[in-house]
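Hello,

Here is the structure I promised to pass on to you. Please have a look at it first, and then read on for my notes.

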Amino acid sequence: MKKIALLAAAILLHGCATDSDGTGLSAQNKQQLQTITQAMPAEHQARHAARNPVETLAFFGIKPGDVVIEALPGDGWYSKILMPYLGANGRLIGVDYSLAMWPEFGGFATPEFIEKRKAWPAQWSSDAKNWGSAKAEAYTFADLPAELTGKADAVLFIRALHNLARFDAKGNYLQQALAETHRVLKPGGLVGVVQHAMSEDKPDAWADGSRGYLKESAIVAAMTAAGFELVGSSDINKNPKDNPQADDNVWRLLPSLSGTVAQKNQNRMIGESNRVTLLFRKK
């Protein structure tokens with residue numbers, strides 16, 4: 001789905017000046033992003049070729065001073081770019097799964113693990129203060145405060161939708177996350193999605209989220225139902241070498257690289273997953 005030409009409409013609504021390559025950021029802001037990423041440690045930069053952080057954030061129109069919500073920020077790979085980039089006038093809000101969702105994973109999600117998840121918002125907020133000057137805070141999708149209603153410029157779901165979709169039938173977790181996203185966004189606010197993607201010709205059962213993959217059509221359908229419209233898509237994070245077959249999951253690839261030694265050697269040649277990059281706007 002190629003709708004990059006429509007990106008200009010979203011950029012106008014988002015208040016960004018468009019530069020010559022159509023990313024939606026001023027040349028100055030894009031240079032700032034490049035400077036920040038180039039200063040990252042070597043282990044962080046090792047993944048830039050697969051994750052394309054400058055191009056991705058530029059496509060989403062993220063700019064200094066924005067209020068940005070990052071779903072499932074993990075160890076802060078993107079947060080460590082966003083905190084200095086958003087700057088002292090910006091605000092970064094990390095959001096975790098609802099605590100009620102964690103037991104659905106079984107296995108590692110022991111009562112002790114879930115107790116640690118309860119401490120995650122405070123820990124992430126504390127850690128984030130070491131990454132840059134933006135204001136940092138964290139919540140779960142079940143307890144985003146009322147004061148955030150209509151405050152966010154953008155919400156980012158970077159490889160963060162598959163488990164929400166996987167367990168949606170058990171607790172409306174995806175529906176809750178998207179409803180909260182709609183609530184906290186300003187009118188015309190943007191949602192940036194990067195997601196491990198299964199090709200449309202594969203069986204739907206392969207792309208229900210349990211293997212880490214979703215279909216682009218399913219993402220668009222869920223976002224449309226939640227009150228968003230598709231503004232643009234990009235091939236920035238596509239990887240045609242990733243062509244999963246029956247029983248393949250995304251964790252067979254880098255950085256997890258699960259499987260036998262032979263499988264790891266083969267999958268290392270594929271690199272990271274194929275990903276769709278989509279931009280939506282709150283209606």
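Below is what I found, starting with the whole chain and moving on to a few strands and residues.

Please keep in mind that this is a predicted model. The protein has 13 helices and eight strands. Its radius of gyration is 18 Å, close to the 19 Å that the globule rule gives for 283 residues, so the protein is as compact as a globular protein of that length. If you draw a box along the principal axes, the C-alpha atoms fill roughly 45 × 40 × 40 Å.

A few overall figures may help you get your bearings. Of the 283 residues, 53% are buried. Among contacts with a separation of 6 or more, 74% are between residues 24 or more positions apart. The accessible surface comes to about 12400 Å², and carbon and sulfur atoms account for 54% of that surface. As for charge, there are 31 positive and 29 negative charges, and their mean positions are 1 Å apart.

Now for the strands. A good place to start is E5, which spans residues 185-198. Twelve of the 14 residues in E5 are buried, so you will find this strand mostly covered. Strand E5 pairs with E4, E8 and E6, as follows:

- With E4 (residues 152-158), the pairing is parallel and runs over six bridges. Here Ile158 has Val194 of E5 as its bridge partner.
- With E8 (residues 275-282), the pairing is antiparallel, with seven bridges. Val194 turns up again here, with Thr277 of E8 as its bridge partner. Gln195 stands opposite Val276 in E8.
- With E6 (residues 214-215), the pairing is parallel, with two bridges. Ala197 is matched with Leu214 in E6.

Val194 is therefore a handy residue to click on, because it is the bridge partner of Ile158 and also has a bridge partner in E8, Thr277.

Strand E8 deserves a look of its own. What is the burial of its residues like? Eight of its eight residues are buried. Arg275, Thr277, Leu279 and Arg281 point one way from E8, while Val276, Leu278, Phe280 and Lys282 point the other way. Both sets are buried, including the charged residues Arg275, Arg281 and Lys282. Besides its pairing with E5, strand E8 pairs with E7 (residues 228-234) in the antiparallel sense, over six bridges. In that pairing, Phe228 stands opposite Lys282.

Two single residues outside these strands are also worth finding. Ser125 sits in helix H8, which covers residues 120-128. Is Ser125 buried or exposed? Its relative accessibility is 13%, and because buried means under 20%, Ser125 counts as buried. Leaving aside residues up to four places away in sequence, Ser125 touches Ala136, Glu137 and Ala138.

The other residue is Leu25, in the loop between helix H1 (7-14) and helix H2 (27-38). Leu25 has 0% relative accessibility, so it too counts as buried. The C-alpha atoms of Leu25 and Met269 are separated by 34 Å, and these two residues are 244 residues apart along the chain.

If you would like a starting point in the viewer, try E5 and follow its pairing to E8, then go on from E8 to E7.

Best wishes

Note on methods. Residues numbered from 1 in each chain as written. Predicted model: local features only at pLDDT ≥ 70, side-chain atom pairs only at ≥ 80, totals over all residues. Heavy atoms only, no water. Helix = DSSP H or I, 4+ residues; strand = E, 2+ residues; numbered from the N terminus. Rg over C-alpha atoms; globule rule 2.2 N^0.38 Å. Buried < 20%, exposed > 50% of the residue type's maximum accessible area, 1.4 Å probe, protein only. Contact = heavy atoms within 4.5 Å. Areas by Shrake-Rupley, 256 points an atom, 1.4 Å probe, with all protein chains shown as cover. Charge placed at Lys NZ, Arg CZ, Asp CG, Glu CD.
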